[in-house]
Each structure stands twice: as C-alpha cells, then as structure tokens.
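Hi,

Here is the structure I promised to pass on. Have it open while you read, and I'll walk you through what turned up.

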Amino acid sequence: MNRTLRKLFSNAASLLGIILLIFFIVIAVFAPVLAPPLSDDPYQIPRMSWDVNPQPPGFPMSDNIRDMYEYIGKEVKYDKALCGTAQGGYDIFYGLIWGTRTAFKIGIITVFAAMLIGLFTGSIAAYFGKWLDEILMRITDIFLSFPFLVAAMVLTTILGRGLDKVMIALIAFGWMGYARVIRGSILSAKEETYVMAAKALGVRDGKIIWRHLLPNTIFPVLIQASMNIGTMVVTAATLSFLGVGAPMGYADWGQMVSFARNWIIGAPGHAGQYWYTVFYPGIFIILFVLAWNLIGDTLRDILDPRLRGEL
C-alpha cells in the first residue's frame with residue numbers, strides 16, 4: 001500500500017489527476033457555501049431572470065426574481081451570475097457547483113453497483129464452471145451485444161425521465177466488462193496451490209471465493225472501475241443532453257450543455273457570443289473525466305506486473 005501511494009504521488013500524471021480530483025471533492029463538499037440553495041431542493045438550479053437568451057458573466061439577478069424568492073422566504077445570498085446564465089435564465093455557476101455532486105453520485109454509485117454485479121457473476125461462473133459458466137457468459141454476451149449508449153437511452157426512456165432512472169440504465173448495461181475481467185483472473189488463479197489447499201481442508205466455496213480468490217484477482221477490476229467512473233459521467237451527461245436524463249432545471253453538467261445547444265454558434269454576425277454557455281460545463285466534464293483517467297492509468301502501471309517488467 002505504501003509503495004502504491006508513493007508511486008501515485010511521484011508520478012506527474014497521477015499527481016495532476018489527484019489534484020484535479022481533490023479540487024472537485026472540495027467543490028462538492030462546500031457546495032452549500034459556494035452556491036447557497038434558493039429552494040427546498042438544492043439541486044434545482046435557480047433562475048437569475050426570465051430571459052430566454054443567455055446573459056454574460058456578472059449578470060445581476062432581476063428584481064422580479066429577487067422579489068419572488070423574498071416572497072417565499074428565501075434569503076438571496078448572492079445576486080450575480082458569476083459564469084453567466086444559460087437559456088431560460090438558469091445560473092451556470094450554480095449548475096456547475098451542484099453538478100459536481102451529481103457527477104460524483106452518478107460515477108461512484110453506478111460503477112460500484114455495476115462492479116458488484118460483475119464480480120458476483122464472473123466469480124461464480126469462473127469458479128464453478130461447466131454449465132453455470134456457459135449460461136452466465138452467454139447472458140453476458142447478450143448484454144454486450146447492445147450498444148451501451150443506445151441501450152441506456154432506450155431503457156431510460158422506458159423507465160421515465162429522472163436521474164435515478166439514468167443510474168439504473170447505466171448499471172444494467174455496465175456490469176459485463178467487470179464480469180469478463182474477473183472471470184479471466186479467477187480462471188487462472190483457481191488452479192493455484194493455495195486454492196487447492198483450501199479445498200482439501202474443506203473450506204466452503206463461498207469463503208474460498210471471498211477470502212482467497214477475490215483479494216488476489218480484484219486489482220484489474222479496480223483499475224477498470226476507476227477509469228469507468230469518467231465514462232459513466234459522460235454517458236449520463238449525454239443522456240441529459242439528449243433530453244432523457246435529469247429533469248429540467250436539475251444541476252447536471254449534461255443538461256447545462258443541453259441548455260447551450262441553440263447558442264453554441266452565436267447570433268448572426270456574432271460568432272461565439274454565448275461561449276460561456278458551453279465552455280464552463282464542457283471544461284468541468286473534461287477535467288473530471290481526465291482526473292479519473294490519469295489516476296486509473298497510473299494504477300494500471302503500478303499494479304500490472306507485465307508493465308512493471310516482473311513477468
């Protein structure tokens with residue numbers, strides 16, 4: 001563990017990834033301070049005006065919006081859109097800050113749940129083999145035959161719009177890679193001497209898998225999981241951009257980009273006039289995914305014996 005941590009912090013790429021990840025963690029933890037909620041649901045992006053057109057950074061909150069919040073008893077602790085407003089007057093800065101929590105929620109929960117399903121399926125198939133392995137792997141192949149984004153979009157549409165539906169769809173079509181990786185690792189490890197000795201001593205199959213096989217074969221899965229967090233966030237953002245993800249006004253980076261779809265080019269004769277509508281959410285998505293990819297790449301270099309020259 002100490003060796004792994006030293007290499008993580010001594011590698012320039014992983015250090016950049018760690019710094020970016022800490023940056024987003026700080027934003028997520030201090031979101032209520034950085035962008036105080038103006039409604040009972042903190043993930044609902046407040047509006048700074050009723051104007052359809054986006055407004056530039058520093059745009060002040062309109063008087064009628066302020067009066068509305070004061071009328072419902074909400075204290076307005078900031079009155080300027082630091083990053084401008086998106087279509088419909090939604091505050092981009094607020095969407096970025098609370099969207100960071102959304103990104104962590106989507107990435108961590110979906111990857112963790114999909115990894116558990118994949119670990120269970122792949123380890124059972126590899127350890128017991130024969131007809132059980134054949135059935136589980138054919139089910140895995142069926143799920144793998146569906147294009148990931150298309151399948152997630154169709155399932156989300158069937159279940160209904162909402163972040164929880166998006167997460168269910170991502171989990172349903174995101175576990176197969178983990179199952180195949182852990183199956184391959186356990187197929188190699190189950191013939192090792194320590195596994196044979198455990199069987200000879202009468203250790204239960206479940207205990208052999210949990211106590212002996214998984215601790216020695218899970219590292220490739222963990223590396224894959226760290227790199228898939230960014231993939232899940234991008235896919236969820238894509239679904240929101242396509243209109244089947246987060247509900248309208250929800251703090252989600254994909255929806256922030258969706259608000260900018262009609263304004264990316266700019267007004268006639270003023271190309272790039274509304275650059276801020278797509279730049280800020282776009283750069284947050286890029287940096288968040290980059291952080292996890294850099295850390296995942298370094299973990300792979302550290303934990304893979306073939307890349308260390310040990311095999």
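Start with Arg 183 and Asp 133, which form a salt bridge with their closest N and O atoms 2.8 Å apart. Keep in mind that this is a predicted model. Arg 183 sits in helix 9 (residues 176–189) and Asp 133 in helix 6 (residues 130–144), so this pair ties together parts that are 50 residues apart in sequence. Are the two partners buried or exposed? Arg 183 has a relative accessible area of 23%, so it counts as partly exposed. Asp 133 comes out at 12%, and that makes it buried, as the limit for buried is under 20%.

How many salt bridges does the structure hold? The count is 5. Another one joins Arg 138 to Glu 134, again with the closest N and O atoms 2.8 Å apart. These two are 4 residues apart in helix 6, so about one helical turn separates them. Both ends are partly exposed: Arg 138 has a relative accessible area of 38%, and Glu 134 has 45%. Now look around that pair, and you'll find a network of salt bridges that links Glu 134, Arg 138, Asp 141 and Arg 180.

There is also a salt bridge between the side chains of Asp 164 and Lys 165, at 3.3 Å from N to O. Asp 164 is partly exposed at 43% relative accessible area, and Lys 165 is partly exposed too, at 24%.

Next, the empty space inside. Rolling a probe the size of a water molecule over the atoms shows where empty space is left. How many cavities of 30 Å³ or more does the structure hold? There is 1, and the space in this largest cavity is about 50 Å³. Its lining is made of Gly 99, Ala 103, Ile 106, Val 233, Ala 236, Ala 237, Asp 252, Trp 253 and Gly 254. Three elements each give two or more residues to that lining: helix 5 (92–128), helix 12 (219–241) and helix 13 (253–259). Sorted by class, the lining has 6 nonpolar, 2 polar and 1 charged residues.

Now turn to the outside. Which residues make the nonpolar surface patch of about 620 Å²? They are Ile 22, Ile 25, Val 26, Val 29, Phe 30, Val 33 and Leu 34. Helix 2 (12–29) and helix 3 (31–34) are the elements that give two or more residues to the patch, and helix 2 has the largest share with 4 residues. Pick out Val 33, which lies in helix 3. With a relative accessible area of 64%, Val 33 is exposed, since exposed means over 50%.

For a contrast, go to Ala 198 in helix 10 (residues 193–200). Ala 198 has just 6% relative accessibility, so it counts as buried. Try finding Ile 208 from there: Ala 198 and Ile 208 are 10 residues apart in sequence, and their C-alpha atoms are 7.0 Å apart in space.

That's the tour. If you'd like a place to begin on screen, go back to Arg 183 and Asp 133, the salt bridge between helix 9 and helix 6, and then move on to the network that includes Asp 141 and Arg 180.

Cheers

Terms used:
Residues are numbered from 1 along each chain as its sequence is written. This is a predicted model: local features need pLDDT of at least 70, side-chain atom pairs count only at pLDDT 80 or more; totals for chains, interfaces and linings use all residues. Side-chain values use heavy atoms; hydrogens and water are left out. On a 1 Å grid over the protein atoms alone, a cavity is a set of points where a 1.4 Å probe fits but cannot get out, and a pocket is an open set with protein on both sides within 12 Å along at least five of seven lines; lining residues have an atom within 4 Å of a point. Grid points are joined across faces, edges and corners, and a volume is the space filled by probe spheres set on the points. Ala, Val, Leu, Ile, Met, Phe, Trp, Tyr, Cys and Pro count as nonpolar, Asp, Glu, Lys and Arg as charged, and the others, Gly among them, as polar. Patches are made of residues with over 30% relative accessible area and no salt bridge: like charges are joined within 9 Å, nonpolar side chains (Val, Leu, Ile, Met, Phe, Trp, Tyr) within 5 Å. Accessible areas come from the Shrake-Rupley method with a 1.4 Å probe; for residues, only the protein chains shown count as cover. A salt bridge is a side-chain nitrogen of Lys or Arg within 4 Å of a carboxyl oxygen of Asp or Glu. Buried means under 20% relative accessible area, exposed over 50%, partly exposed in between (1.4 Å probe, protein chains only).
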